Amino acid sequence: MPNYSLENTNLESLVSLAKRRGFIFQSSEIYGGLSSTWDYGPIGVELKRNVKEQWWKSFVTNRQDIVGIDASILMHPSVWEASGHLSSFSDPLVECKICKKRFREDLIDGNNCPECDGDLGESRQFNLMFKTFMGPLENDSAVVYLRPETAQAMFVNFDNVQTTSRKKIPFGIAQIGKSFRNEITPGNFTYRTREFEQMEMEFFCKANETRKWLEYWSNERLNWFKSLGITEKKLRLRPHGGDELAHYSSACFDIEYEFDFGWSELEGIADRGTYDLDKHTEHSGKKLSYFDQPNNEHFVPAVVESSAGVDRAILTVLADAYHEEEVNGEKRNVLKISPKIAPITVAVFPLMNKNGMPEIAKKIVEDLRSNYSSFYDTGGSIGRRYRRQDEAGTPFGITVDHDTIEDNTVTLRERDTMNQIRVDISKLSNVISDKINEL
Ligand code: GAP
């Protein structure tokens with residue numbers, strides 16, 4: 001089962017680098033792969049952890065007004081009835097009468113099959129939620145859904161979180177977790193998949209303040225992507241037209257990135273009003289409101305949501321960092337990932353596997369490890385080791401050589417400029433820190 005669409009050459013080069021270096025593998029590859037599902041390898045999982053950590057810091061750790069939760073993927077089926085997902089979380093599906101392939105009608109150009117040009121059948125609405133059964137009986141009363149977004153857990157837990165955290169409005173609830181959508185046309189590597197991770201934050205405020213917070217969070221979020229080192233001119237904020245708005249939202253901005261396959265959404269920031277708390281109050285019978293002590297009044301808070309995809313953020317980091325360069329007549333592939341999120345910060349190489357060089361190199365790795373993610377590599381020529389680390393996006397390389405034995409200095413190489421300087425081993429940590437701060 002090959003992936004649905006990888007028509008773009010640069011994306012193909014990225015997919016092959018991602019596999020070669022252990023960022024991302026096709027899921028179940030030895031069985032031919034499972035369409036649109038991907039596994040993060042040893043380097044990829046570090047990048048993912050770093051991106052999620054930056055997100056969590058920006059929303060939770062570094063603020064007083066937002067708290068986190070980690071909710072179950074399986075929720076009571078009534079949640080999806082109340083949220084509107086059972087009735088309206090669907091895409092228009094069309095099937096080709098000739099080759100029988102299925103497409104999302106709104107994503108294809110023209111009226112014919114994009115694969116074989118055959119006639120397309122009638123369009124019908126296809127619900128994107130994955131269904132399964134809870135317990136041993138496979139009947140209607142046992143149906144549960146894999147959550148299609150993490151947001152609902154923050155609405156249904158509003159009261160639990162507000163009363164236990166004693167947060168005053170405005171405040172937010174944040175969460176990172178897996179979501180599932182039975183997408184009709186997944187594709188473009190990890191851009192649209194059926195299993196993915198979301199980073200969402202629901203900000204509860206007074207109903208007349210949503211537009212202020214919508215603007216605030218849109219700018220904050222755009223700046224967050226810039227802070228990951230993403231090229232600024234390839235990022236933009238795009239307001240939704242009235243016909244694009246989701247059923248729960250009255251205004252929305254998308255943060256978009258200019259991929260090789262076009263400007264595409266990375267995150268949505270939406271004014272959800274009181275829609276969600278109202279609906280859950282109506283369906284559960286439990287009043288979800290806020291008591292404003294100074295004014296002695298109860299009211300239903302409105303919500304401004306920031307909803308980003310982890311996998312799309314990772315794809316953006318990789319696509320933006322990917323460069324093919326020519327160095328001394330040879331091609332160099334390099335990932336210019338910000339040192340803030342690079343999976344490995346420093347790679348240390350003994351020039352030769354003798355004369356005490358490996359021991360010194362290993363000691364440097366151990367010393368640097370407490371501050372920087374560090375990696376020891378002894379295999380192949382120094383040139384090859386540099387190239388491997390360039391492809392892994394490692395910003396700094398340190399080589400222990402003959403001079404090190406004499407004078408305790410090493411070569412420090414920077415990934416992007418390939419500049420090399422000699423640094424005393426005792427000063428390495430400070431020099432690296434200064435260089436990271438300069439970037
Ligand atoms: N709670 C609102 C919500 O889920 P959304 O626009 O449907 O809004 C938010 O999704 C984000 O989740 C998207 O901007 C995208 O980054 C990510 N996302 C959605 N569907 C995805 C998919 N099939 N594959 C990968 N990421 C996806």
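By class, the lining of the largest cavity divides into five nonpolar, three polar and three charged residues, and I should say at once that everything I describe today comes from a predicted model. The residues in question are Ala-347, Phe-349, Tyr-386, Gln-389, Asp-390, Thr-394, Pro-395, Phe-396, Gly-397, Arg-413 and Arg-415, and they enclose a volume of about 40 Å³. If we ask which elements supply at least two residues of that lining, they are the strands β19, covering 346-350, and β21, covering 396-400, together with helix α11, covering 382-392. Helix α11 accounts for the largest share, with three residues. With a threshold of 30 Å³ or more, the count comes to one cavity.

Let me turn from the closed space to an open one. The second largest pocket has a volume of about 430 Å³, and 23 residues line it. Which of them lie nearest its centre? Those are Ile-337, Ser-338, Pro-339, Arg-415 and Leu-439, and you will recognise Arg-415 from the lining of the cavity. Two or more residues of the pocket lining come from each of the helices α7, at 210-227, α9, and α13, at 428-438, with α9 giving the most, namely three residues. In terms of class, the pocket lining consists of 10 nonpolar, six polar and seven charged residues.

Helix α9 also brings us to the packing of the interior. In soluble globular proteins, nonpolar side chains tend to be buried together. Here the largest nonpolar core contains 54 residues, and those with the most contacts inside it are Phe-23, Leu-47, Trp-217, Leu-318, Leu-335 and Ile-337. Seven residues of this core, the largest share, come from helix α9, which spans residues 310-321. Leaving aside residues up to four places away in sequence, Leu-318 touches Leu-14, Phe-23, Ile-24, Leu-47, Leu-335 and Ile-337. Another core, of 26 residues, lies apart from the largest one and includes Ala-153, Phe-204, Tyr-290 and Val-303.

Two individual residues deserve a moment, and I will take Thr-193 before Glu-220. Thr-193 sits in the loop between β9, at 171-180, and β10, at 195-205. Is Thr-193 buried or exposed? Thr-193 counts as buried because its relative accessibility is 5%, and the cut-off for that class is under 20%. The side chain of Thr-193 reaches the backbone oxygen of Glu-195 at 2.9 Å, and, not counting residues up to four places away in sequence, Thr-193 touches Ser-36, Trp-38, Arg-181, Glu-183 and Pro-186.

Glu-220, by contrast, belongs to helix α7, and it counts as partly exposed because its relative accessibility is 34%. Between the C-alpha atoms of Glu-220 and Arg-124, which are 96 residues apart along the chain, the separation is 38 Å.

I will finish with the protein as a whole, for those who want the overall figures. Its secondary structure comes to 13 helices and 23 strands, and its C-alpha atoms fill a box of roughly 75 × 65 × 45 Å, taken along the principal axes. Of the 439 residues in the protein, 50% are buried. As for the contacts between residues at least 6 apart in sequence, 63% of them join residues at least 24 apart.

Definitions and conventions. Residues numbered from 1 in each chain as written. Predicted model: local features only at pLDDT ≥ 70, side-chain atom pairs only at ≥ 80, totals over all residues. Heavy atoms only, no water. Core = buried A, V, L, I, M, F, W, Y, C linked by side-chain atoms within 4.5 Å. Buried < 20%, exposed > 50% of the residue type's maximum accessible area, 1.4 Å probe, protein only. Helix = DSSP H or I, 4+ residues; strand = E, 2+ residues; numbered from the N terminus. Contact = heavy atoms within 4.5 Å. Polar contact = N/O pair within 3.5 Å; in protein donor to acceptor, adjacent residues only side chain to side chain. 1 Å grid on protein atoms, 1.4 Å probe; cavity = no way out; pocket = protein on both sides within 12 Å on 5 of 7 lines; lining within 4 Å. Points joined across faces, edges and corners; volume = space filled by probe spheres on them. Nonpolar A, V, L, I, M, F, W, Y, C, P; charged D, E, K, R; others polar.
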